[in-house]
Every structure is written in C-alpha cells, then in structure tokens.
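Student: I should like to learn how a surface feature is read from a model. Could we begin with a single residue and then widen the view?

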Amino acid sequence: MESSTLFKLCRTGYVLLVIMLSYWFIQQGISGEYSMIFSLLWLIPLLLPLKGILTGKPYTYAWASFILCLYMLHALTLAYVTETNLAFAVIESLLIGVLLIGFPFYARIRGRELGLGLKKKKK
C-alpha cells in the first residue's frame with residue numbers, strides 16, 4: 001500500500017474520531033453527566049496532533065498513537081459499564097483500533113519514502 005492512500009484513510013479516520021468524540025463529550029457536558037469543563041479537557045489531548053496529522057508528518061503519526069491509547073481506554077471502559085451507549089463504545093473502539101494499526105504503518109512507510117529513520121551503526 002502506498003503512503004498517500006494510507007494517509008487519506010488515517011486522516012479521514014482521525015477527523016471522524018475528533019468529530020465523534022467532540023459531539024460525545026459536549027453532549028455529556030450539556031446533559032449534566034459530566035461538567036462542561038471536564039468534557040472540554042478530554043478533547044485537548046485529541047487536538048494536539050491535529051495539525052501534523054492533517055499535513056501528513058510521519059513523526060506526528062508515530063507519537064499520536066500514544067494519545068489514542070487514552071481514548072481506547074475510554075472506549076473499552078464505556079463498553080464495559082454502559083448498556084445504553086454500547087453501540088457508540090463499540091464504534092469508537094473499532095475506529096481507534098484501526099487507527100492504532102494505521103498510524104504506525106503510515107509513519108514507517110512515509111518515513112522510508114522521506115529517508116528518515118535510525119542510522120545503522122558501521123562495523
């Protein structure tokens with residue numbers, strides 16, 4: 001798979017995740033389930049790598065995977081504790097799972113195309 005196709009898929013998935021979670025947390029803040037400040041604070045880590053993801057920087061894709069782990073914990077916890085929002089939790093888990101696979105692959109493929117990487121030690 002070439003990097004431009006993987007880039008489009010990962011970028012689309014990430015934007016979808018940002019929109020989906022923004023809607024979720026803001027809705028929870030409005031309904032009073034969470035405080036609005038708490039809801040907005042939950043979105044900050046998700047927005048940190050947004051510029052690098054939209055522009056396709058491989059280094060950003062590599063470290064953004066760690067941020068996605070936080071949201072995977074949210075999705076799995078929500079799936080475990082809720083019955084009314086189970087479909088949302090499953091969709092969130094699947095989307096993040098796909099991104100956790102796609103992000104490192106994109107970073108690796110694009111990094112190789114750009115000649116980035118660790119230098120091998122000479123013997």
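Tutor: Let us begin with one side chain in this predicted model. Leu40 has a relative accessible area of 43%. Buried means under 20% and exposed means over 50%, so Leu40 counts as partly exposed.

Student: In which helix does Leu40 lie?

Tutor: Leu40 belongs to helix α2.

Student: Which residues make the nonpolar surface patch?

Tutor: A residue enters a patch when its relative accessible area is over 30% and it has no salt bridge; nonpolar side chains are joined within 5 Å. Here Ile26, Ile30, Met36 and Leu40 form a nonpolar patch of about 350 Å². Two elements, α1 (3-31) and α2 (36-47), each give two or more residues to this patch.

Student: How many helices and strands does the protein have?

Tutor: There are five helices and zero strands, and the order from the N terminus is α-α-α-α-α. The C-alpha trace spans about 60 × 30 × 25 Å along its principal axes.

Student: What part of the contacts joins residues 24 or more positions apart?

Tutor: Among contacts with a separation of 6 or more, 69% are between residues 24 or more positions apart. As for burial, 39% of the 123 residues count as buried.

Student: What do carbon and sulfur atoms supply to the exposed area, and how far apart are the mean positions of the charges?

Tutor: The protein exposes about 8100 Å², of which carbon and sulfur atoms supply 70%. The protein has 12 positive and 5 negative charges, and their mean positions are 26 Å apart.

Technical notes: Residues numbered from 1 in each chain as written. Predicted model: local features only at pLDDT ≥ 70, side-chain atom pairs only at ≥ 80, totals over all residues. Heavy atoms only, no water. Patch = residues over 30% accessible without salt bridge, like charges linked within 9 Å, V, L, I, M, F, W, Y side chains within 5 Å. Areas by Shrake-Rupley, 256 points an atom, 1.4 Å probe, with all protein chains shown as cover. Salt bridge = Lys/Arg side-chain N within 4 Å of Asp/Glu carboxyl O. Helix = DSSP H or I, 4+ residues; strand = E, 2+ residues; numbered from the N terminus. Buried < 20%, exposed > 50% of the residue type's maximum accessible area, 1.4 Å probe, protein only. Contact = heavy atoms within 4.5 Å. Lys, Arg positive; Asp, Glu negative; His and termini not counted. Charge placed at Lys NZ, Arg CZ, Asp CG, Glu CD.
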